[in-house]
There are 2 protein chains.
Amino acid sequence: MNNNYRKVSKEMMERLKKKGVRLTPQRLAVIEFLKVHKGHPSVDEIYYAIRRKYPSISPATVYSTLQMLKEMGEIQELHIRADKASFDYNPQPHHHFLCRICGTIMDVEVDCPIRNRKTIGGHKVEKVKAYLFGVCSECLKQESEAKESS
Amino acid sequence: MNNNYRKVSKEMMERLKKKGVRLTPQRLAVIEFLKVHKGHPSVDEIYYAIRRKYPSISPATVYSTLQMLKEMGEIQELHIRADKASFDYNPQPHHHFLCRICGTIMDVEVDCPIRNRKTIGGHKVEKVKAYLFGVCSECLKQESEAKESS
DNA sequence: TTTAATGTTATATTAATTACAAATGAATAA
DNA sequence: TTATTCATTTGTAATTAATATAACATTAAA
């Protein structure tokens with residue numbers, strides 16, 4: 001496997017090394033894929049993409065690398081799709097939108113009042129996920145174009 | 001199976017009948033269970049509970065009934081747990097909290113500004129789910145009691 | 001270079017969910 | 001009432017995401 005991982009940020013590599021994480025080619029490939037493809041991919045999307053350049057990689061490695069990156073606070077895992085997890089290179093909490101037409105998951109900017117709440121109703125809040133569902137702007141455009149031409 | 005489903009609301013039965021849904025004993029058992037046990041149960045919790053009184057019921061029936069009730073807008077499905085779905089007798093959108101200690105899912109009251117937004121960033125919003133994670137008030141109490149006595 | 005520790009791979013397993021065909025049961029028409 | 005039709009339920013198999021595990025490979029340290 002080639003070692004050309006210039007796309008992985010020096011800062012992230014520093015942080016991981018400092019925590020004693022060994023930066024293997026497989027792990028770097030996962031990190032690089034997430035950095036370049038910010039479309040919130042699933043495990044098998046990541047796996048098949050890396051596989052094309054690195055046929056020997058195993059799904060188990062992708063799973064374990066994502067697990068590790070999540071525990072290190074470098075990425076976040078989403079469960080916006082009912083059937084499988086999606087991964088976001090950006091670990092900061094933010095809202096996500098899933099289009100029911102094209103299936104795209106995208107970030108949305110929302111000024112959310114509970115984002116920084118430490119407690120709610122007496123419960124200690126450690127993490128917040130907000131998932132929005134509907135039809136994305138692209139698909140809305142296509143819908144209205146189809147209507148016009150009919 | 002006995003037909004003693006007084007706990008299922010007349011209004012709901014009316015709405016379903018009006019839509020041509022046949023109110024079989026199995027379906028009424030699922031509805032009744034959800035109404036009485038509002039702890040956001042999973043499919044197998046519903047299945048095993050009903051099974052005790054009605055041994056012949058099949059998981060497939062529970063799945064299909066929940067699917068039907070969701071499509072009819074009578075209940076909502078949550079994906080706050082990573083591995084399996086949870087069901088809420090209340091179809092109105094509201095926030096949910098999952099305790100990482102005891103695993104309980106509970107409703108939380110939050111005055112949410114995106115609840116009634118029809119669009120966000122050009123996307124049409126049809127549904128919103130907000131999941132909060134942390135330690136519930138009960139488990140916090142137990143934690144502090146354990147600390148005091150040590 | 002040898003040894004120890006860690007990471008990777010392949011495979012098997014688990015568990016939720018879906019698919020489907022056969023059996024059952026309810027509603028309707030004769 | 002009985003026969004027919006159609007939807008529902010059941011049991012089973014298939015699918016699929018995710019986890020567990022053991023053998024193998026690689027890296028780091030002695």
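A polar contact, as the term is used here, is a pair of N or O atoms within 3.5 Å. With that in hand, take R27(A): an N or O atom in its side chain sits 3.2 Å from a phosphate oxygen of DNA strand C, so the pair falls inside that cut-off. Keep in mind that this is a predicted model. Below, we go from the two DNA strands to the place where chain A and chain B meet, and then to the two domains of chain A.

**DNA strand C**

- Sixteen is the number to remember here: 16 residues lie around DNA strand C, and the ones that come nearest are T24(A), Q26(A), S56(A), T61(A) and Y63(B).
- Which part of the strand faces the protein? Of the atoms of DNA strand C that come within 4 Å of the protein, 82% belong to sugar and phosphate.
- Chain B joins in too, with a polar side-chain atom of Y63(B) 2.9 Å from a phosphate oxygen of DNA strand C.
- A85(B) uses its backbone instead: one of its backbone N or O atoms is 3.1 Å from a phosphate oxygen of DNA strand C.
- If you're hunting for helices, look at α2 (25-36) and α4 (59-71) of chain A, the elements that give two or more residues to the surface near DNA strand C.
- Sorted by class, the residues of that surface near DNA strand C are six nonpolar, five polar and five charged.

**DNA strand D**

- Around DNA strand D there are 15 residues, and A85(A), T24(B), Q26(B), S58(B) and T61(B) are the closest.
- Sugar and phosphate make up 86% of the atoms of DNA strand D that come within 4 Å of the protein.
- From chain A, Y63(A) puts a polar side-chain atom 3.1 Å from a phosphate oxygen of DNA strand D, while A85(A) has a polar backbone atom 3.1 Å from a phosphate oxygen of that strand.
- From chain B, a polar backbone atom of S56(B) is 3.1 Å from a phosphate oxygen of DNA strand D.
- Helices α2 (25-36) and α4 (59-71) of chain B each supply at least two residues of the surface near DNA strand D.
- By class, the surface near DNA strand D has five nonpolar, five polar and five charged residues.

**Where chain A meets chain B**

- Count the residues in contact and you get 29 from chain A and 29 from chain B.
- How much area do chain A and chain B bury between them? The figure is about 2,500 Å², with 66% of it on carbon and sulfur atoms.
- On the chain A side, H123(A), K124(A) and F133(A) lose the most area to chain B, and together they account for 22% of what that side buries.
- Two salt bridges turn up across the interface of chain A and chain B. In one salt bridge, R100(A) pairs with E126(B), and their closest N and O atoms are 2.8 Å apart.
- Polar contacts between chain A and chain B come to 12 residue pairs.
- On chain A, the elements giving two or more residues to this side are β3 (95-99), β4 (105-108), β6 (123-135) and α5 (137-148). The most come from β6(A), with 13 residues.
- The side of chain A that touches chain B contains 17 nonpolar, six polar and six charged residues.

**The two domains of chain A**

- Chain A splits into domain 1 (1-90) and domain 2 (93-150), and the C-alpha centres of these domains lie 24 Å apart.
- Their contact takes 11 residues from domain 1 and 12 residues from domain 2 of chain A.
- Between them, domain 1 and domain 2 of chain A bury about 900 Å², and 59% of it is on carbon and sulfur atoms.
- Which residues of domain 1 lose the most area to domain 2 of chain A? They are H40(A), Q76(A) and I80(A), together 58% of what that side buries.
- There are zero salt bridges between domain 1 and domain 2 of chain A, but seven residue pairs are in polar contact across the interface.
- Strands β1 (76-78) and β2 (86-88) of chain A each supply at least two residues of the domain 1 side that touches domain 2. The largest share, three residues, comes from β1(A).
- That side of domain 1 of chain A has two nonpolar, six polar and three charged residues.

How values were computed
Residues are numbered from 1 along each chain as its sequence is written. Chains are lettered from A and ligands numbered from 1 in the order in which they are written. This is a predicted model: local features need pLDDT of at least 70, side-chain atom pairs count only at pLDDT 80 or more; totals for chains, interfaces and linings use all residues. Side-chain values use heavy atoms; hydrogens and water are left out. A residue is near a molecule or strand if one of its heavy atoms lies within 4 Å of it. A polar contact is a pair of N or O atoms within 3.5 Å; within protein, one must be able to donate a hydrogen and the other to accept it, and residues adjacent in sequence count only if both atoms are side-chain atoms. Helices (H or I, at least four residues) and strands (E, at least two) are DSSP runs, numbered from the N terminus. Ala, Val, Leu, Ile, Met, Phe, Trp, Tyr, Cys and Pro count as nonpolar, Asp, Glu, Lys and Arg as charged, and the others, Gly among them, as polar. Domain bounds come from an automatic or database domain assignment. Contact means heavy atoms within 4.5 Å. Buried area is the accessible area (1.4 Å probe) that two parts lose on being put together, summed over both. A salt bridge is a side-chain nitrogen of Lys or Arg within 4 Å of a carboxyl oxygen of Asp or Glu.
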